[in-house]
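Got the viewer open? Let's walk through this one together, one selection at a time.

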Amino acid sequence: MAITSDVLVIGGGLAGVTAAVSAAREGADVRLISHKHSTMQQASGLIDALGYLPPTGDDAELTPTAGRTGAMDQRATPEGPLPEPFAAVDRLPEGHPYRLVGAEALRSGLALFDEMVDSYHGAHTDRNALVPTFGGSVKPTARYPASVAGGLASDGAPMLVVGFRSLAAFDARQVAGQLRETGVPFSVAGRELTLPAGLADDMTPTRVAHALDRDERLDGTPARAALAALIEPHLDAVKGGAARVGLPACLGDERVEAVCEELSDRLGARVFEIPMGPPSLPGLRLSDRLYESLDEAGVRYETGNPVVGVETDADGRVDAVLVDRKGTEIPYGADGIVLATGGLVGKGLDSDREGVREPVLGCHVPHPAERYEWYVDDVFGDQPYARFGVATDERLRPLDAAGGVQFPNVHVAGATLGGADVAREKSASGVSLATGVVAGRQAAKVAATGVVG
Amino acid sequence: MRGVDVTLVEKGNLTHGTTGRMHGLLHSGGRYAVADQASAKECVEENFILRDIASHCVEETGGLFVKRPEDDESYFQAKLQGCLDCDIPAEVLTGREARAREPYLADDIEKAITVPDGAVDPFRLCVANAAGALDHGATVMTHAEVTDILVEAGEVVGAEVRHGDGPRTSGRQPGSTDRIVADHVVNATGAWAGRVGAMAGVDVEVRPSKGVMTVMNTRQVDTVVNRCRPKGDADIVVPHETACILGTTDEEVDDPEDYPEHRWEVDLMIDTLAELVPILKKARTLRSFWGVRPLYEPPGTGTEDPTDITRDFFLLDHGDRDGLPGMTSIVGGKLTTYRMMAEQISDHVCGKLGVSAACRTAAEPLPGSHDIGRLHEMMDEFGLRSPVSRRSAQRLGSRTEEVLQTSGPNPVVCGCEGVTRAEVRDAIDDVGAELNAVRLRTRASMGTCQGGFCCHQIAAELAPDHSAATARTALDDLYQERWKGQRHALWGEQLSQAMLNHMLHATSMNRDADPARFDTEVSYDAFDPGRPTKETPVAADGGRPDGSEDRWR
Amino acid sequence: MNPPPDEEDSRAAPRPRVPPTEAVLSEPSLSDLDPVADAADRWGVTTTATDGGTSTQDSLDPDNYDAVDVFSGGALDLRDGSDSCYKCTSCNTSCPVAEVDDSFPGPKFQGPEQWRLKRKEDQDIDESIMSCSNCMRCDSACPSSVPLSQMHNEARGEYVAEQMSKLSREYVRNRILSNYRFFAGIGSKIPRVTNFITGLGVTRWAGEKLLGITSEREFPAFATETFRAWWQDRGGAAIENPDKRVAYFHGCYSNFNTPEVGKAMVRVFESFGYEVLVPPQKCSGTPMFANGMVADARRHAETNVRELVAAIGEGADVIASCTSCSLSLRQEYPELFDMNGIDDLAAHTYEGLEYLRIHEDLDGALAEAAADEDADSYAYHAPCHARNQGLARQALETFRQVDGMTIEDVGDSCSGISGTYGWKTEKYDYSMAIGEEMFDHMEAATGETGMTECPTCAMQMEHGTGYEVRHPLEVLAETIETAS
């Protein structure tokens with residue numbers, strides 16, 4: 001077989017990259033294969049460890065009715081935001097990945113992250129930070145990019161929030177109003193601006209980022225100066241004068257820090273980014289940086305082709321996976337395998353009216369047979385589908401329907417795992433990091449020792 | 001239009017009842033051409049009238065009655081003859097010709113009958129009628145629930161209404177009541193007609209029956225496709241705006257506001273209609289919803305199966321029927337024949353009031369349908385992408401120019417349905433901060449992502465006129481309403497969408513645990529205030545500086 | 001006036017030079033094709049009579065209703081491509097044009113949104129579709145496998161057929177650029193004269209003024225002997241081996257402009273014992289898709305499919321040295337055309353280095369190789385079309401292990417030229433703005449020689465930095481020889 005490695009990581013998101021680097025550090029020869037770009041560019045770019053212990057107990061067995069539309073008024077208060085993520089790990093449900101691998105794995109995962117990506121803050125403390133969201137609330141997170149650091153909610157400096165009229169995703173006036181209602185300890189005002197001429201109404205945020213990165217001339221003026229000039233008259237809108245200015249997170253791609261610095265200098269106030277949903281520039285930057293760290297760790301990788309099948313021996317040990325190259329299937333062999341293909345969003349889990357499945361290796365995914373038990377009426381309730389995923393042992397090896405190990409040399413990491421309600425817990429990146437580190441080490445061990453039992 | 005002083009009260013939004021939950025079919029009458037020819041004739045007549053007076057609410061899709069090999073040939077012939085008997089234009093196509101028109105029809109469909117079915121947008125239609133009424137001096141009160149019919153000296157003299165909570169435009173205080181005195185009360189409450197009748201002490205035996213409608217993400221067909229067999233479940237696909245709607249079932253219910261929504265109904269739609277359009281089996285559904293038919297038959301008819309109850313309408317003068325003058329109910333019927341029903345009841349009431357002016361609604365275009373032809377020339381002026389300006393113009397009709405000529409950036413707020421800021425704001429100006437009403441008028445959040453990517457963008461348009469708290473509640477209402485229908489579509493791509501929406505709203509925005517909603521006191525000083533710098537060398541929790549040079553902490 | 005058939009024939013009777021406008025006016029209109037009649041009879045079987053015969057299982061299988069099957073022979077209806085989209089906008093963030101061109105809304109609108117808003121008879125594809133460079137990066141970004149470039153190609157084809165005036169300068173210019181093969185076929189007969197003329201400033205000026213082809217770029221030079229001529233002179237394959245056969249799809253550029261790439265391909269494959277076939281072939285269609293000239297592409301595809309399927313029948317796999325050619329055969333062909341054997345062709349097509357990495361012990365062959373540390377220092381750019389085939393890292397992996405050779409990746413941005421896009425006057429500045437990042441990284445890299453598989457990327461790399469640019473197969477051929 002032409003293409004072989006010690007460890008093969010399937011999936012190029014946060015969990016996959018972490019696993020690959022983790023395995024490489026154990027001395028394994030690692031190859032990573034990803035079908036598409038990582039879904040990190042859909043996420044805000046923040047690294048959440050554990051932010052909430054959400055309420056549970058909604059009844060998934062009720063027949064839906066026209067009258068019962070979801071008891072928003074009866075929604076129980078979630079516990080949080082949690083100032084300290086590690087202490088709360090033991091209070092998560094049994095099957096949660098953090099319970100399987102332990103809080104120490106979360107610490108290792110964060111530590112590895114800090115080494116791979118040195119432009120993020122937050123490692124100076126165990127505590128979560130509260131970051132303003134583009135919906136106008138605040139959310140707890142463990143690591144945040146330097147460009148976001150100026151906007152932390154626990155800082156008392158007066159804040160001006162600026163929005164762009166052509167960016168429909170948030171209205172700065174509304175964001176400011178919402179922030180006040182969450183009781184933030186700083187004065188805040190919001191202003192909406194029209195972008196300099198030359199930037200069309202429906203242009204993408206990457207256009208703004210590019211214009212600022214390259215300091216393009218917009219109507220004759222360099223973009224950064226033009227933007228600063230637009231903001232400057234509004235610094236007095238907030239009581240005491242704005243000491244910091246928050247903008248939608250599109251202040252650049254490769255040069256965001258230089259852009260923020262120049263804007264801050266021109267305005268005499270700290271300029272920071274407010275993380276957005278997709279398209280997320282911070283998510284994109286993070287993804288780029290993580291791929292650089294793959295290269296630095298000596299991991300070989302390729303993107304563009306999906307894994308569509310697997311070759312196993314009599315004991316269920318995977319010998320090779322089959323990669324589809326536009327119609328031909330090529331085997332890629334490895335001793336240790338990491339499956340980090342994502343969940344329902346990353347397409348590592350698939351479903352139809354009959355059931356939910358893991359389409360690449362065929363790992364068992366526990367779920368109710370009745371599909372009307374996959375959800376509850378309250379959209380923000382304890383949704384069963386949010387916890388769907390592969391169940392594993394403490395070495396992250398997938399378990400079959402009977403509870404036995406399905407593939408002895410496969411280790412599952414990230415959103416492919418079940419048992420966590422990452423959306424409401426605010427724990428998605430932490431789960432990827434913690435399980436990525438463990439899966440990578442385990443796979444490297446299998447490759448080094450040849451032992452799977 | 002005839003000079004009568006009219007007040008309209010509606011307990012919810014306009015289209016709160018069956019109108020807002022119908023299939024979107026502008027009947028040619030073909031469906032009744034065999035078993036209910038009275039209804040069929042009414043339908044075809046009104047079909048052509050509505051194409052003229054409400055052209056911006058109607059899409060002239062045409063319709064087909066298709067025959068599969070196992071469907072009865074004699075019924076096919078009876079259908080064809082029935083159409084001709086009712087003056088419904090009809091022609092026979094071979095299977096090949098039918099597939100030439102609709103390539104996704106099943107290969108083994110043998111032949112089809114063409115009929116002039118169309119697709120109608122009930123929201124737009126209703127809003128246009130209300131606008132027309134307002135133009136002629138009527139008063140329209142939404143969120144005004146009738147709590148009592150006032151009877152004095154054996155005669156109906158008016159109604160008592162209670163104004164509902166939540167944002168609405170009738171300008172009354174929530175919770176307050178009003179007495180409305182009137183010379184005549186018209187009970188046009190559809191499936192609720194019995195309840196309103198009971199308030200007056202009369203029996204109106206409406207037999208509400210529910211039916212499911214499953215909304216597909218895209219249009220697998222652009223023609224209304226009916227199955228050519230006796231009326232039964234899952235026998236029609238109706239194109240509607242950017243989607244197709246599969247329908248339906250027929251189950252009697254006790255309470256028009258609360259009844260079970262069953263999985264088997266959704267599965268039945270997909271599996272059975274896939275016999276006509278096979279690709280439906282793997283196509284994406286966005287949601288399912290149910291509507292309740294306001295069926296009525298005269299007491300004593302005794303039909304058991306709701307499918308067999310007539311779709312004809314009935315005018316019940318309670319003076320004649322129950323000895324209680326001053327009120328008339330109009331029950332039964334179909335959306336397609338709404339104008340005819342309205343004409344008849346109006347004629348009746350005008351007769352009572354001594355008003356002699358004649359009905360002109362069949363000839364006069366509704367607001368929005370004037371001068372539609374000019375629109376095509378004007379599209380380029382709005383600076384929008386072609387498909388977006390076309391869709392906007394289809395929705396706004398003759399109001400397009402007035403709405404879209406705005407100053408300032410006009411970005412698209414709902415990308416799936418091509419709805420710009422100007423259109424959303426126009427709707428907010430009309431209905432206030434009730435985003436579900438904005439949704440019905442503009443189609444924003446009714447597309448592929450079911451609001452995951454635009455609910456908050458729509459809510460952002462409430463600034464600065466509405467407070468942050470109002471916006472938050474309105475957003476929650478809209479987002480939850482979108483969930484209500486999506487829960488019936490949670491597999492495949494829609495389940496993936498639901499999870500992405502959940503991550504965006506819960507993780508990225510933290511709307512599920514927003515401290516502002518829960519009145520949670522957040523101890524801000526217990527959290528990381530930022531990395532220590534040379535100015536502030538010790539972090540709040542005693543963390544040590546890492547010595548790096550960093551300008552913004 | 002059709003482009004000339006294979007060179008072997010045309011050499012016997014030289015054809016007179018035909019002015020471009022005549023060539024253009026005879027394009028068959030898309031409306032001449034009748035998708036309607038074809039759809040009904042798509043499997044060549046007459047539909048059953050009306051006597052109520054039992055339906056077959058096939059007729060209700062949803063998989064048999066794929067757009068390419070149902071709408072065969074004519075315009076596709078791709079609205080159901082929007083079913084996979086969950087609006088994450090990843091496609092927009094990967095679009096290099098949206099980043100620099102304000103008027104371009106991005107793939108999400110051009111593809112799933114625009115299609116979904118369309119009704120069957122509507123002809124209002126937004127004109128911004130012509131600003132899409134067909135780099136196809138959106139495909140590799142989309143987590144949901146929305147068929148973005150298929151939707152764009154089809155929309156573009158419809159726009160050009162229904163909404164663009166055939167007499168407009170834009171149309172004429174695009175048709176000329178798309179049919180490079182035709183003009184190269186003529187120009188390469190008198191290479192030195194052609195090179196002299198195209199090298200003149202006045203020619204470039206005229207190109208810009210008359211047609212809108214930018215004068216900023218130098219026209220590519222024609223080789224004094226085409227690859228096919230060299231192949232014929234040489235007597236064809238030097239090895240006979242029915243068990244190891246490859247059919248070489250050289251593409252227009254390797255034939256007319258850089259035959260050294262084709263020669264390197266032959267050397268390398270013969271060194272591994274392959275019998276090389278060079279079947280008759282036409283343009284892969286890449287520039288035609290990018291300009292909405294789908295009918296032209298289909299005509300060329302008919303020849304390519306016929307000839308290459310015959311070669312596959314003789315036991316060969318198809319090898320392309322240009323990654324746009326290989327992508328076209330593997331993806332655009334089965335997505336847009338319904339021809340016999342087209343799926344087989346797609347499944348049997350590979351890029352050259354890719355094929356060797358899978359089927360041969362390339363590592364072993366390079367183990368003893370040695371490179372010249374000074375000369376063999378490369379700045380490698382992965383073409384966008386190579387990314388979509390999973391090939392972005394293969395050159396790096398292969399050459400990194402060669403003793404003394406340095407190879408650095410100049411980043412994952414688009415080179416900016418994207419085939420014909422960067423040749424258009426109104427797009428030139430955008431193409432250079434897109435490529436700026438790549439130019440910066442190239443200058444920062446150690447090496448001063450570029451490396452890439454795509455001929456137009458190579459043009460752009462040279463244009464922006466002055467570096468000489470080589471194809472990996474050329475470097476491989478030389479390097480393997482040092483090991484023996």
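How many residue pairs are in polar contact between domain 1 of chain B and domain 2 of chain B? The count is 14, with both residues at pLDDT 80 or more; keep in mind that this is a predicted model.

To see where that is, select 1-366 of chain B for domain 1 and 406-508 for domain 2. Their centres, taken over C-alpha atoms, sit 27 Å apart. At the seam, 23 residues of domain 1 of chain B touch 26 residues of domain 2 of chain B, and about 2,100 Å² is buried between the two, 48% of it on carbon and sulfur atoms.

Next, pick Arg284(B), Leu286(B) and Arg287(B): on the domain 1 side these lose the most area to domain 2 of chain B, together 31% of what that side buries. Stay on Arg287(B) and add Glu481(B); their side chains form a salt bridge, 3.6 Å from N to O. The two domains of chain B share 3 salt bridges in total.

Now bring in chain A. Here 83 residues of chain B meet 97 residues of chain A, burying about 7,900 Å², with carbon and sulfur atoms giving 59%. There are 7 salt bridges between the chains. For one of them, zoom in on Arg472(B) and Glu181(A), whose closest N and O atoms are 2.9 Å apart.

Last stop: color the helices on chain B's side of this contact, including H15 (468-486) and H16 (492-508). H16(B) gives the most, with 13 residues. By class, chain B's side has 41 nonpolar, 16 polar and 26 charged residues.

Note on methods. Residues numbered from 1 in each chain as written. Chains lettered and ligands numbered in written order. Predicted model: local features only at pLDDT ≥ 70, side-chain atom pairs only at ≥ 80, totals over all residues. Heavy atoms only, no water. Contact = heavy atoms within 4.5 Å. Buried area = accessible area lost by both parts, 1.4 Å probe. Salt bridge = Lys/Arg side-chain N within 4 Å of Asp/Glu carboxyl O. Helix = DSSP H or I, 4+ residues; strand = E, 2+ residues; numbered from the N terminus. Nonpolar A, V, L, I, M, F, W, Y, C, P; charged D, E, K, R; others polar. Domains from an automatic or database assignment. Polar contact = N/O pair within 3.5 Å; in protein donor to acceptor, adjacent residues only side chain to side chain.
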